[in-house]
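Reader: Hi! Could you take me through one part of this model slowly, the charged residues that hold on to each other? I'm in my first year, so please explain the terms as you go.

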Amino acid sequence: MESDPGGCGARRIAHIGLGSNLESPVEQVRRAFDELDALPQTRLRARSRLYHSRPMGPQDQPDYINAVAALETGLDPLPLLQALQGIEQGHHRVRRRRWGARTLDLDILLYAGLVIDTPELQ
């Protein structure tokens with residue numbers, strides 16, 4: 001693994017799922033790409049195109065805009081999750097029901113090929 005020139009330790013690749021179906025979803029996701037790139041010890045290395053998809057959960061909500069970002073990060077998994085939740089809060093994310101409508105959802109899909117099974121990271 002490559003070391004961070006700033007001395008923050010090992011850099012790992014994390015893949016983040018992005019989704020939005022409220023309040024201008026395309027703009028929510030595009031803005032989130034920039035915010036991911038601005039996280040400490042983190043660089044946005046690649047991003048997918050935007051995808052339109054039907055909701056996986058309750059169908060009484062708008063369709064989603066989804067994407068994936070590849071990050072190179074020196075953040076460990078839990079601090080990365082906390083940073084993602086901070087971005088969600090900045091987009092006024094409200095958790096009303098499972099799989100419900102949201103302004104922005106950020107999920108860690110893969111983190112350096114590790115399998116992590118903790119309550120916070122499930």
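Author: Sure, let's start with the term you'll need most: a salt bridge is a side-chain nitrogen of Lys or Arg within 4 Å of a carboxyl oxygen of Asp or Glu. One thing before we look: this is a predicted model, where local features need pLDDT of at least 70 and side-chain atom pairs count only at pLDDT 80 or more, while totals for chains, interfaces and linings use all residues. Residues are numbered from 1 along each chain as its sequence is written, and side-chain values use heavy atoms, with hydrogens and water left out.

Searching the whole structure turns up five salt bridges. Here's the part to zoom in on: R11, R45 and E72 are joined in a network of them.

Take R11 and E72 to begin with. Their closest N and O atoms sit 3.4 Å apart. R11 is in the segment before β1 and E72 is in strand β4, so this pair ties together parts that are 61 residues apart in sequence. (Strands, E in DSSP, are runs of at least two residues, and helices, H or I, are runs of at least four, both numbered from the N terminus.)

Now swing over to the other partner of E72. The salt bridge between E72 and R45 has its closest N and O atoms 2.6 Å apart. This pair also links distant parts of the chain, with E72 in strand β4 and R45 in strand β2 (residues 42-47), 27 residues apart.

How covered up are these three? We call a residue buried under 20% relative accessible area, exposed over 50%, and partly exposed in between, using a 1.4 Å probe and protein chains only. R11 has 9% relative accessibility, so R11 counts as buried. E72 is buried too, because its relative accessible area is 10%. R45 comes in at 45%, which means R45 counts as partly exposed.

Want another salt bridge to look at? D63 pairs with R54, and the closest N and O atoms there are 2.7 Å apart. D63 has a relative accessible area of 22%, so D63 is partly exposed, while R54, at 51%, counts as exposed.

Last stop, back in strand β4, which also holds A69. With 0% relative accessibility, A69 counts as buried. Leaving out residues up to four places away in sequence, A69 touches several others, among them A14, F33 and L44; touching here means heavy atoms within 4.5 Å.
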